[in-house]
Amino acid sequence: MSERQKVYRFLTAIDDAGFCHKVTEALSQGWELYGSPSYAYDAKEGIMKCGQAVVKEVEPFDYSREVKLGAL
């Protein structure tokens with residue numbers, strides 16, 4: 001049995017229902033929350049933005065920056 005590999009993503013969006021859907025979609029695809037959500041005010045745009053780290057264990061693969069982590 002081969003060891004699984006952990007991958008990390010940081011989801012970001014404006015603070016609205018769309019962000020909740022983005023995180024919920026990731027959870028439904030097997031990603032798990034990693035830490036607490038973060039919030040920041042974007043003074044230039046005049047809006048709140050939020051972020052949430054997620055992790056997932058996947059089959060081993062050859063990592064490169066071209067890998068689409070959301071597709072794993």
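In what order do the three strands of the open sheet lie? In this predicted model, the order is E1-E3-E2, and the pairing is antiparallel. Strand E1 (5–14) and strand E2 (32–42) form the edges, since each of them pairs on one side only. On average, neighbouring strands of the sheet are turned by 20° against each other, with direction ignored. A helix accompanies the sheet: helix H1 (residues 17–28) packs on it and touches E1, E2 and E3. The direction of H1 makes about 165° with that of E1.

The pairings can be followed one at a time. Strand E3 (residues 47–58) is joined to E1 over 10 bridges, in the antiparallel sense. E3 also pairs with E2, again in the antiparallel sense, over eight bridges. A helpful residue to find here is alanine 53 in E3, which is the bridge partner of phenylalanine 10. Alanine 53 is also the bridge partner of tyrosine 34.

Those two aromatic partners turn up again at the surface. Tyr8, Phe10 and Tyr34 make a nonpolar surface patch of about 350 Å². Phenylalanine 10, which lies in strand E1, offers a good look at how accessibility is classed. Its relative accessible area is 43%, so phenylalanine 10 counts as partly exposed, a class that runs between the 20% limit for buried residues and the 50% limit for exposed ones.

Is tyrosine 41, by the same scale, buried or exposed? Tyrosine 41 is found in strand E2, and its relative accessibility is 54%. Exposed means over 50%, and therefore tyrosine 41 counts as exposed. Even so, tyrosine 41 has company from other parts of the chain: leaving aside its neighbours within four places in sequence, it is in contact with Gly46, Ile47 and Met48. Aspartate 15 makes another instructive pair with tyrosine 41, as the two are 26 residues apart in sequence and 9.7 Å apart in space, C-alpha to C-alpha.

One of these contacts of tyrosine 41, Gly46, leads to the hairpin of E2 and E3. This hairpin has four residues between the strands, and in it glycine 46 takes a positive phi near 70°.

Key: Residues numbered from 1 in each chain as written. Predicted model: local features only at pLDDT ≥ 70, side-chain atom pairs only at ≥ 80, totals over all residues. Heavy atoms only, no water. Pairing = 2+ DSSP bridges. Helix = DSSP H or I, 4+ residues; strand = E, 2+ residues; numbered from the N terminus. Axes fitted to C-alpha atoms, helices over the stretch in contact; angles between N-to-C directions. Contact = heavy atoms within 4.5 Å. Patch = residues over 30% accessible without salt bridge, like charges linked within 9 Å, V, L, I, M, F, W, Y side chains within 5 Å. Areas by Shrake-Rupley, 256 points an atom, 1.4 Å probe, with all protein chains shown as cover. Salt bridge = Lys/Arg side-chain N within 4 Å of Asp/Glu carboxyl O. Buried < 20%, exposed > 50% of the residue type's maximum accessible area, 1.4 Å probe, protein only.
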